[in-house]
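Work through these exercises with the model open. Each task is followed by a stepwise solution.

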Amino acid sequence: MGAFLERPMTSKHNEHGEGNGLRYGVGSMQGWRCEMEDAYHAKTGLGESLEDWNYFAVFDGHAGDNVAKHCAANLLQRIITTTEFGNNEITKGIHTGFLQLDESMRDLPELATGVDKSGTTAVCAFISRQQLYVANCGDSRAVLCQNGQPIFSTQDHKPILPGEKERILNAGGSVMVQRVNGSLAVSRALGDFTYKNVKNLGQCEQLVSPEPEIFCRDREPADEFLVLACDGVWDVMSNEELCQFVHNRLQLSDSLVDVANQVIDTCLHKGSRDNMCIIIIAFPGAPTVSEEAQKREEALEAHLRTRIEEILKTMDPVDYGMLLKKLANEDIPDLPPGGGLHAKCSYVSKVFQELHPKLAETCEVGKY
């Protein structure tokens, strides 16, 4: 499960880029966990005959970061060098690449000796000018948005799903407290070789399977953005909430890094206790900055500042947590859809610290 810190690590790691008509922004944060076990890979243009292809992936490691980092560094190459991918059999190439990479990791020294028992989920996307391929293994998730609403998402691979549970039972395992053998929360993952040693069963028939579920769809002009994120985000935000939130924030800023950081900050305030990593890939149909939306946001912040000042004047002693609780009970207009007051906690904290700098250290996450 992993241990927790007394205070979350809120510094961000960011990356952004563009190419082939796409823009992307990455945001990742350690949060409350004692270690950062998430990893990612983002690349527009894959070289030579694949220059008009793009690749994005998020890996959510557990029991260590070794497998997640190895997959982030090697999964793309494994896939595009398969015979199937070279023959334009993209789905088969992705499938083969996942299985080949998983099997090859058994020979890594730390994993071969059993000293390292780590594993990772994986969600990745290959995007050409015409098509979108998404592969998922575990409970990291991809969601595609049109008009501020999700129109496609991957399914999380949990042990309680009928097909997953059947495979686990057939391999001699059990599902207790919604976990494989009462321990692992996902039923598919790369690595996790202690769950993949049942003799006389194939690679994809083990307690934990490395087999990706792969989806393909044609790109459409109405496609706005694709989000890849680990469960630290999805634990506290639904597909609908995240699509609404990103759609709204893109009308205020053309920086995908800024929007990605707002997502993970909002998730932190919503109560996420996990590492968080998110990639937002914007298509040509993504929302653009709107003067009207910016004016609404300015009006919202002006209203919040006024209410913060008014509430603090009535408080003795002044208390940041109580301020948030009072604001949460008010009907505040034009709060960010999908984020609510949690999305403005950073602004509330900023105003509070301006008014009461000596109490700045009391602005803790999760106060209400």
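**Exercise 1. In the predicted model, which residues of β5 point one way, which point the other way, and are they buried or exposed?**

Step 1. Sort the side chains by direction. Gly119, Thr121, Val123, Ala125 and Ile127 point one way from β5. Thr120, Ala122, Cys124 and Phe126 point the other way.
Step 2. Recall the rule behind the sorting. In a regular strand, side chains alternate between the two faces of the sheet.
Step 3. Check burial. Both sets are buried, so the count for β5 is nine of nine residues.

**Exercise 2. Which strands do bridges join to β5?**

Step 1. Take β4. Nine bridges join β4 to β5, and the two run antiparallel. Tyr55 stands opposite Phe126 of β5.
Step 2. Take β6. Six bridges link β5 and β6, again antiparallel. Ala122 has Cys137 in β6 as its bridge partner. The connection is a hairpin through three residues.
Step 3. Take β11, residues 190-191. Two bridges join β11 to β5, in the antiparallel sense. Here Gly119 has Gly191 as its bridge partner.

**Exercise 3. Which residues touch the most other members of the largest nonpolar core, and which element gives the largest share?**

Step 1. Find the best-connected members. The core has 30 residues, and Leu46, Tyr55, Phe59, Ile94, Phe98, Met105 and Phe126 touch the most other members.
Step 2. Map the core to elements. β4 (54-62), α1 (66-80), α3 (90-105), β5 (119-127) and β6 (131-137) each supply at least two residues. The largest share, eight residues, comes from α1.
Step 3. Set the other core apart. Another core of 29 residues lies apart from this one, with Cys145, Trp234, Val236 and Ala282 among its members.
Step 4. Zoom in on Ile94. Beyond its neighbours within four places in sequence, Ile94 contacts Ile79, Phe126, Tyr133, Ala135, Pro212 and Ile214.

**Exercise 4. In what order do the six strands of the open sheet run, and which stand at the edges?**

Step 1. Write the order: β1-β2-β14-β13-β7-β8, with antiparallel pairing.
Step 2. Find the edges. β1 (4-19) and β8 each have a single partner strand, so one side of each has no neighbour in the sheet.
Step 3. Add the twist. Neighbouring strands are turned by 20° against each other on average, direction ignored.
Step 4. Place the helices. α7 packs on the sheet and touches β7 (141-146), β8, β13 and β14. The direction of α7 makes about 125° with that of β8. Helix α8 (residues 256-270) lies across β1, β2 and β14, at about 30° to β2.
Step 5. Look at one residue of α7. Asn248 is in this helix and counts as buried at 15% relative accessibility. Asn248 touches Pro336 and Pro337, leaving out residues up to four places away in sequence.

**Exercise 5. How many residues of β14 are buried, and how many bridges join β14 to β2 and to β13?**

Step 1. Count burial. In β14 (residues 276-282), seven of seven residues are buried.
Step 2. Split by face. Met276, Ile278, Ile280 and Ala282 are on one side, and Cys277, Ile279 and Ile281 are on the other. Both faces are covered.
Step 3. Count bridges. β2 (residues 22-33) and β14 pair over seven bridges, antiparallel. Gly25 has Ile280 as its partner in β14. Five bridges join β13 (residues 223-229) to β14, also antiparallel. Leu228 stands opposite Ile279.

**Exercise 6. How many disulfides does the model contain?**

Step 1. Apply the cut-off. Two cysteine sulfurs must be within 2.5 Å.
Step 2. Test Cys230. The closest cysteine sulfur, in Cys277, is 6.1 Å away, too far for a bond. Cys230 is buried, at 0% relative accessibility.
Step 3. Test Cys243. The nearest cysteine sulfur, that of Cys145, is 3.9 Å away, and Cys243 is in no disulfide. Cys243 is also buried, at 2%.
Step 4. Conclude. The count is zero disulfides.

**Exercise 7. Where is Lys158 found, and which residues is Lys158 in contact with?**

Step 1. Locate Lys158: the loop between β8 (149-153) and α5 (162-170). Lys158 is partly exposed, with a relative accessible area of 28%.
Step 2. List the contacts. Leaving aside neighbours within four places in sequence, they are Asp139, Glu164, Ala185 and Ser187.
Step 3. Examine Asp139. The two residues are 19 apart along the chain, with C-alpha atoms separated by 7.1 Å. A polar contact of 2.8 Å joins the side chains of Lys158 and Asp139.

Note on methods
Residues numbered from 1 in each chain as written. Predicted model: local features only at pLDDT ≥ 70, side-chain atom pairs only at ≥ 80, totals over all residues. Heavy atoms only, no water. Core = buried A, V, L, I, M, F, W, Y, C linked by side-chain atoms within 4.5 Å. Buried < 20%, exposed > 50% of the residue type's maximum accessible area, 1.4 Å probe, protein only. Helix = DSSP H or I, 4+ residues; strand = E, 2+ residues; numbered from the N terminus. Contact = heavy atoms within 4.5 Å. Pairing = 2+ DSSP bridges. Polar contact = N/O pair within 3.5 Å; in protein donor to acceptor, adjacent residues only side chain to side chain. Axes fitted to C-alpha atoms, helices over the stretch in contact; angles between N-to-C directions.
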